[in-house]
Amino acid sequence: MKSSETYLIAKQKLSHYCSYQERSKTEVLSKLQTYKDLSPVEVEQIIQELIAENFLNENRYIAAFVHGKFSIKKWGKLKIHHVLTSKHIASQLIQQALREIPDEVYQQTIQDLIQKKLATLKAPINAIIQKKTVNYLLQKGYEYELIRENLQAVLQQEKL
């Protein structure tokens with residue numbers, strides 16, 4: 001197969017790949033590596049064309065990623081930031097997208113997760129149960145101080 005045929009096939013497949021789900025530039029580059037006949041110049045040209053045709057948009061990808069992971073998976077800001085950083089996304093773009101999460105919604109999510117976790121653990125609530133709850137939220141990517149504050153608030157509400 002000639003390089004120009006490979007180029008056209010790769011561009012068509014990647015246009016489709018980007019059209020049914022938001023993709024990062026890193027994901028697209030990884031997919032392009034499967035086309036051995038493409039030169040580095042052609043790879044970069046495909047990337048630029050996908051950006052120009054709005055198939056590939058890093059800001060849109062980040063916004064969709066942050067929204068999905070927070071709303072659906074209930075991930076915290078630290079975990080979201082870590083995963084996006086591993087995808088070679090600029091930290092300032094990540095921070096900008098994370099600021100779109102309203103603080104009150106973020107706090108309420110932490111409290112909901114704490115209540116959900118406490119409900120799955122055996123009563124009475126003691127230091128071990130609290131530690132397991134804190135560890136659960138740390139795994140989800142929430143900030144330690146926010147976890148402690150919200151855990152205390154939830155425990156105070158339950159005592160009333």
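**Close-up 1. Helices α5 and α6 cross in a right-handed fashion.** This is a predicted model, as are the other views here. Helix α5 covers residues 77-86, and its partner α6 runs over residues 91-98. Their axes come within 10 Å and cross at roughly 145 degrees. From the α5 side, look for Lys77, Ile80, His81, Leu84 and Thr85. Across from them, α6 brings in Ser91, Ile94, Gln95 and Leu98. Sort the residues of this α5 and α6 contact by class and you get four nonpolar, four polar and one charged.

**Close-up 2. Helix α7 packs against helix α9.** Here residues 103-120 make up α7, while residues 144-159 make up α9. The two pack at an angle of about 60 degrees, and their axes sit 9 Å apart. That angle makes α7 oblique to α9. As for handedness, α7 passes α9 in a right-handed crossing. On the α7 side, the contact is made by Tyr106, Gln107, Ile110, Gln111, Ile114, Gln115 and Leu118. The α9 side answers with Leu146, Ile147, Asn150, Leu151, Ala153, Val154, Leu155, Gln157 and Glu158. Broken down by class, the contact of α7 with α9 has 10 nonpolar residues, five polar ones and one charged one.

**Close-up 3. Tyr61 and Phe65 form a tilted ring pair in helix α4.** The structure holds five aromatic pairs, and this view zooms in on one of them. The ring centres of Tyr61 and Phe65 are 5.9 Å apart with the planes at 40 degrees, so this pair counts as tilted. Helix α4 spans residues 58-71, and because Tyr61 and Phe65 are four residues apart in it, about one helical turn separates them. Are these two side-chain owners, Tyr61 and Phe65, buried or exposed? Both Tyr61 and Phe65 are buried.

**Close-up 4. Phe65 also pairs with Trp75, this time edge-to-face.** The ring centres of Phe65 and Trp75 lie 6.4 Å apart and the planes meet at 70 degrees; over 60 counts as edge-to-face, so that is the label for this pair. The pair ties together distant parts of the chain, 10 residues apart: Phe65 belongs to helix α4, whereas Trp75 sits in the loop between α4 and α5. Phe65 has 10% relative accessibility, so it counts as buried. Trp75 has a relative accessible area of 14%, and is therefore buried as well.

**Close-up 5. Tyr61, Phe65 and Trp75 make a cluster.** Ring pairs link these three residues together. Phe65 takes part in both the tilted pair with Tyr61 and the edge-to-face pair with Trp75.

Key. Residues are numbered from 1 along each chain as its sequence is written. This is a predicted model: local features need pLDDT of at least 70, side-chain atom pairs count only at pLDDT 80 or more; totals for chains, interfaces and linings use all residues. Side-chain values use heavy atoms; hydrogens and water are left out. Axes are lines fitted to C-alpha atoms, for helices over the stretch in contact, and angles run from 0 to 180 degrees between N-to-C directions. Angles under 35 degrees count as roughly parallel, over 145 as roughly antiparallel, 65 to 115 as roughly perpendicular and the rest as oblique. A crossing is left-handed if the near helix is turned anticlockwise from the far one by less than a right angle, and right-handed if clockwise. Contact means heavy atoms within 4.5 Å. Ala, Val, Leu, Ile, Met, Phe, Trp, Tyr, Cys and Pro count as nonpolar, Asp, Glu, Lys and Arg as charged, and the others, Gly among them, as polar. Rings of Phe, Tyr and Trp (its six-membered ring) pair if their centres lie within 6.5 Å; planes under 30 degrees apart count as stacked, over 60 as edge-to-face and the rest as tilted. Buried means under 20% relative accessible area, exposed over 50%, partly exposed in between (1.4 Å probe, protein chains only).
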